[in-house]
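Let's take a friendly walk through this structure, from one annotated site out to the overall fold and a few backbone details. Have the sequence and the 3D view ready.

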Amino acid sequence: MTFTAAMRQAIDASERVKGTTYPNPPVGAVILDAFGQVVGVGGTEPPGGAHAEVVALRQAGQRARGGTAVVTLEPCNHHGRTPPCVDGLLAAGVTRVVYAVGDPNPAAAGGARRLADAGVEVVAGIAATEVTSGPLREWLYKQRTGLPYVTWKFATSVDGRSAAADGSSQWITSEAARRDVHRFRAAVDAIVVGTGTVYIDDPTLTARLPDGTLAANQPLRVVVGEREIPSEANVLNDDSNTMVIRTRDPREVMRALSDRTAVLVEGGPTLAGAFLRAGVINRILAYVAPILLGGPITAVDDVGVLSIAGAQRWRFDGIDTIGPDVRLSLVPNGS
């Protein structure tokens, strides 16, 4: 197996654990034996559990000796809740370590150098773009900036309406798109809505599996705004924890969520407009249905643009079909 193919298996492993590792990064690892065959695959366990390399090494056992470890992030070289991953790799007798992205955390970095000093061949940068724009996107941003990575998610008709003229919005997109949203919810640390959404839609804001049961990981539910919300609101049930922030200032919300890594904004057009004007949105995830609604209810209100010259410029970094709908992923130009 090529290093790139093995790295893609490691990326898949990291995607499977995304949302369960906070505040640690969702890392994936693959162990190849001396003949290049996959003998171990692992992803980071929840905090306090083993890192991806250790999980994969356990699965590989003695077959790891003389083999290759393929990891999405440079193996750590510090002792936190668990021993350094470098220790496990050296003890297992691997002769080569391949990783995609260097660890930007000074406390954990240095694993590649220590491995090389011990005589292990080290190969860096394999499928780095796929990793930095994929499972480690939010964690790497948090390491660079100290801020959570914020995604605005919305569903819309092809003409940009988030509801019909009478206010009805369930359901604009297909069941397949809704399943995809629940999968995405399970991979973030917090979901933000405004009090208006609570009053109009009374959402539960949970991540659910296709059979309707709760997913293992439930993000923090965050309600922002100055109005009181009813004590019987679904967002206050026992399915997950809820934080109510009495503000309309997106920057205050970000400060309150500064310990989080991945935040999903799901509010209505007013909240979306405020977050876009404040410049705190890092990614747009739009689910577009092939229907026409017309009417006055758009997906986003005023974003501070008065002319085409002042338009916010974004670029596509992903276009996928989800059932009959299209999922568009956009990031700011220049990012």
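Where does UniProt place the feature "binding site"? The unreviewed entry gives it at H51, C76 and C85. These positions are spread over 35 residues of sequence, yet they cluster in space, with a largest C-alpha distance of 9.2 Å. Please keep in mind that the model you are looking at is predicted.

**The annotated site**

Let's take the two cysteines in turn. C76 sits in the loop that runs between β3 (68–73) and α3 (85–92). Its relative accessible area is 7%, so C76 is buried. C85, on the other hand, belongs to helix α3. With a relative accessibility of 2%, C85 is buried too, because buried means under 20%.

Which residues does C85 touch, not counting those up to four places away in sequence? They are H51, E53, P75 and C76. Both H51 and C76 also appear in the UniProt feature, and E53 is one of the buried residues of helix α2.

**Helix α2 and its surroundings**

Helix α2 covers residues 52–60, and its buried residues are A52, E53, V55, A56, L57 and A60. What covers them includes β1, β2 (38–43), β3 and α3. A general point helps when you look along this helix: an α-helix has 3.6 residues a turn, so residues three or four places apart point the same way.

Is R58 of helix α2 buried or exposed? R58 lies in α2 and has a relative accessibility of 57%, so R58 counts as exposed, the cut-off being over 50%. Leaving aside neighbours within four places in sequence, R58 is in contact with E45 and A50. R58 and P26 are 32 residues apart in sequence, and their C-alpha atoms are 18 Å apart in space. Just after α2 comes G61, with a positive phi of about 60°.

**Two further helices**

S14 is a residue of helix α1. Its relative accessible area is 0%, so S14 is buried. Beyond the neighbours within four places in sequence, S14 contacts P26, V27, G28, T72 and P135. For orientation, α1 spans residues 3–17 and β1 spans 28–32, while T72 falls in the range given for β3, 68–73.

Further along the chain, helix α6 takes in residues 137–145. Buried in α6 are R137, E138, W139, L140, Y141 and K142. Just after α6, G146 takes a positive phi of about 80°.

**Backbone details to look up**

The peptide bond from Y22 to P23 is cis, with omega near 10°. P23 is found in the loop between α1 and β1.

Two residues that are not glycines have a positive phi: D202, at about 45°, and L205, at about 60°. D202 lies in the loop between α8 (195–201) and β8 (220–224), and L205 is found in the loop between α8 and β8 as well. How do they stand in terms of accessibility? D202 is partly exposed, at 31%, whereas L205 is buried, at 2%.

The accessibility values met along the way are gathered here.

| Residue | Relative accessibility | Class |
|---|---|---|
| S14 | 0% | buried |
| R58 | 57% | exposed |
| C76 | 7% | buried |
| C85 | 2% | buried |
| D202 | 31% | partly exposed |
| L205 | 2% | buried |

**The whole protein**

Stepping back, the secondary structure comes to 10 helices and 13 strands. The radius of gyration is 22 Å, close to the 20 Å that the globule rule gives for 335 residues, so the protein is as compact as a globular protein of that length. Taken along the principal axes, its C-alpha atoms fill a box of roughly 65 × 40 × 40 Å.

Buried residues account for 50% of the 335 residues. Among contacts between residues at least 6 apart in sequence, 69% join residues at least 24 apart.

What does the protein show on the outside? It exposes about 15400 Å², and carbon and sulfur atoms supply 52% of that area. As for charge, there are 32 positive and 34 negative side chains, and the centres of the two sets lie 3 Å apart.

Terms used
Residues are numbered from 1 along each chain as its sequence is written. This is a predicted model: local features need pLDDT of at least 70, side-chain atom pairs count only at pLDDT 80 or more; totals for chains, interfaces and linings use all residues. Side-chain values use heavy atoms; hydrogens and water are left out. UniProt positions are given in the numbering used here, feature names are shortened, and annotations may be inferred rather than shown by experiment. Helices (H or I, at least four residues) and strands (E, at least two) are DSSP runs, numbered from the N terminus. Buried means under 20% relative accessible area, exposed over 50%, partly exposed in between (1.4 Å probe, protein chains only). Contact means heavy atoms within 4.5 Å. The radius of gyration is taken over C-alpha atoms; the globule rule is 2.2 Å times the number of residues to the power 0.38. Accessible areas come from the Shrake-Rupley method with a 1.4 Å probe; for residues, only the protein chains shown count as cover. Lys and Arg count as positive and Asp and Glu as negative; His and the chain ends are not counted. The place of a charge is taken as NZ of Lys, CZ of Arg, CG of Asp or CD of Glu.
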